[in-house]
Amino acid sequence: MENKEWDKELEKILKDMGIEGSPMVVIHERLKKDFDKVLNIGFIGSPGVGKSTLMDKIAGKKITDSGIKPGVAVTKHVWGENGSIVFYDLPGYNGLPKEHNPEKFWDQFELDEFDILICMFSNKLNEDDANFFNLAIKHANDVIFVRSKSDDIFDDEKTVDELKIEIEETYVKKLFGLEYSLLFISSRTGEGLSELQDTIAQRLSSDLQEKFHRNAQAYSESFLNAKEKASLKTVLFYSTISAGSSAIPVGGGILIDIKNNIKMVKAIGKNFVLTEKRLSILTDNSKDKMEEYNVFLGLLKAGVGAKDIYMPLLKKYAPKIALANGGKLLPIVGAGASFSLTFYMGKQAINSCKEISRELLQKEINNFNKS
């Protein structure tokens with residue numbers, strides 16, 4: 001990608017944030033504020049409906065604690081950038097201790113502070129849980145209904161599609177209103193995960209939507225594309241750091257903060273949920289196929305040797321950036337060649353991580369289809 005296209009991307013980010021032409025410190029603090037803003041999502045349902053498993057699937061890694069007894073208390077699971085995404089595991093009616101009054105249950109926490117509440121059930125929805133969900137609707141800002149374990153839907157005399165229509169009509173629209181719909185999810189087969197991700201994202205404000213796209217695992221190409229765009233803010237965040245603390249010459253007269261550059265690449269790897277467990281499913285054929293991305297793949301796994309892996313790339317692109325940057329007026333006060341090189345490398349990392357994620361996504365879809 002040519003630098004002039006990079007500038008267009010950068011200008012659009014700053015313009016959308018309303019801080020085009022601001023000093024780097026202002027941009028950095030604004031981004032930090034966005035990254036620190038908390039996204040709260042509640043999951044409510046009786047024990048055994050699969051709340052914890054679904055939370056782990058959305059995050060793309062294990063965030064729940066199997067040692068915690070489910071269903072008798074509210075459990076918080078904190079994850080994402082700067083620990084700014086919080087999933088709440090809320091017991092359904094059948095999960096409440098007998099001494100608890102369902103009406104007083106809502107006094108334990110403020111549901112109106114949740115951005116979204118996901119009401120989950122599996123099999124049939126009994127009257128007590130239906131009443132409980134009605135109370136949830138009254139207290140929550142936004143509700144998404146989920147029928148989990150959809151892979152067990154079966155009837156000798158009806159098709160699965162016919163059964164789903166019947167379940168949605170019987171247990172959601174008739175009980176809670178025609179404005180509500182029902183998502184069918186199977187954490188085992190992967191059914192409905194991408195639809196749930198998209199539904200959650202669509203219900204959020206623009207800044208929280210970007211946060212969700214940056215941190216949640218992608219189950220579709222469209223989500224990967226949204227993650228690519230949202231991750232540019234991660235790149236901008238680290239570019240403002242690197243430009244302000246440059247130390248090591250890499251060519252073309254550019255001094256750069258390699259330590260924060262490496263942190264940037266690893267942060268982008270986290271954005272794309274490139275965990276050690278997920279990366280382990282890449283075969284040798286996959287790695288050969290993605291040879292041009294192996295430098296960033298190696299950097300994600302590297303410890304003390306990360307600098308030695310990264311330095312050749314910096315030296316390769318530094319002269320090109322220095323030449324293109326000469327006399328250019330960037331839309332950030334105080335930005336120069338070190339900023340441009342870091343931003344460029346960040347975009348390269350995003351491209352590589354996206355390609356690696358695309359390869360992983362295809363393998364995961366194949367594995368789901370075998371389930």
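A residue counts as buried here if its relative accessible area is under 20%. By that yardstick, in this predicted model, strand 5 (residues 143-147) is largely enclosed by the rest of the structure, because five of its five residues are buried. Side chains in a regular strand alternate between the two faces of the sheet. In strand 5, Val 143, Phe 145 and Arg 147 point one way, while Ile 144 and Val 146 point the other way, and all are buried.

Strand 5 has partners on record in the bridge pattern. With strand 4 it pairs in the parallel sense over five bridges, and Arg 147 of strand 5 is the bridge partner of Phe 121. Getting from strand 4 to strand 5 takes the chain through helix 5 (residues 127-139), in a right-handed β-α-β crossover. Strand 5 also runs parallel to strand 6 (residues 182-184), joined to it by three bridges; here Val 146 is matched with Leu 183 of strand 6. The link between strand 5 and strand 6 passes through helix 6 (residues 160-176), and this β-α-β crossover is right-handed too.

Phe 145 turns up again among the aromatics, in a cluster that ring pairs build from Phe 133, Phe 145, Phe 176 and Tyr 180. The count of aromatic pairs comes to 13. One of them is stacked: Phe 339 and Phe 343, at 6.1 Å centre to centre with 15° between the planes. These two are about one helical turn apart, because they lie four residues from each other in helix 16 (residues 337-370), and both are buried.

Technical notes:
Residues are numbered from 1 along each chain as its sequence is written. This is a predicted model: local features need pLDDT of at least 70, side-chain atom pairs count only at pLDDT 80 or more; totals for chains, interfaces and linings use all residues. Side-chain values use heavy atoms; hydrogens and water are left out. Rings of Phe, Tyr and Trp (its six-membered ring) pair if their centres lie within 6.5 Å; planes under 30 degrees apart count as stacked, over 60 as edge-to-face and the rest as tilted. Buried means under 20% relative accessible area, exposed over 50%, partly exposed in between (1.4 Å probe, protein chains only). Two strands pair if DSSP finds at least two bridges between them. A crossover is right-handed if, with the strands pointing away from the viewer, the path from the first strand over the helix to the second runs clockwise.
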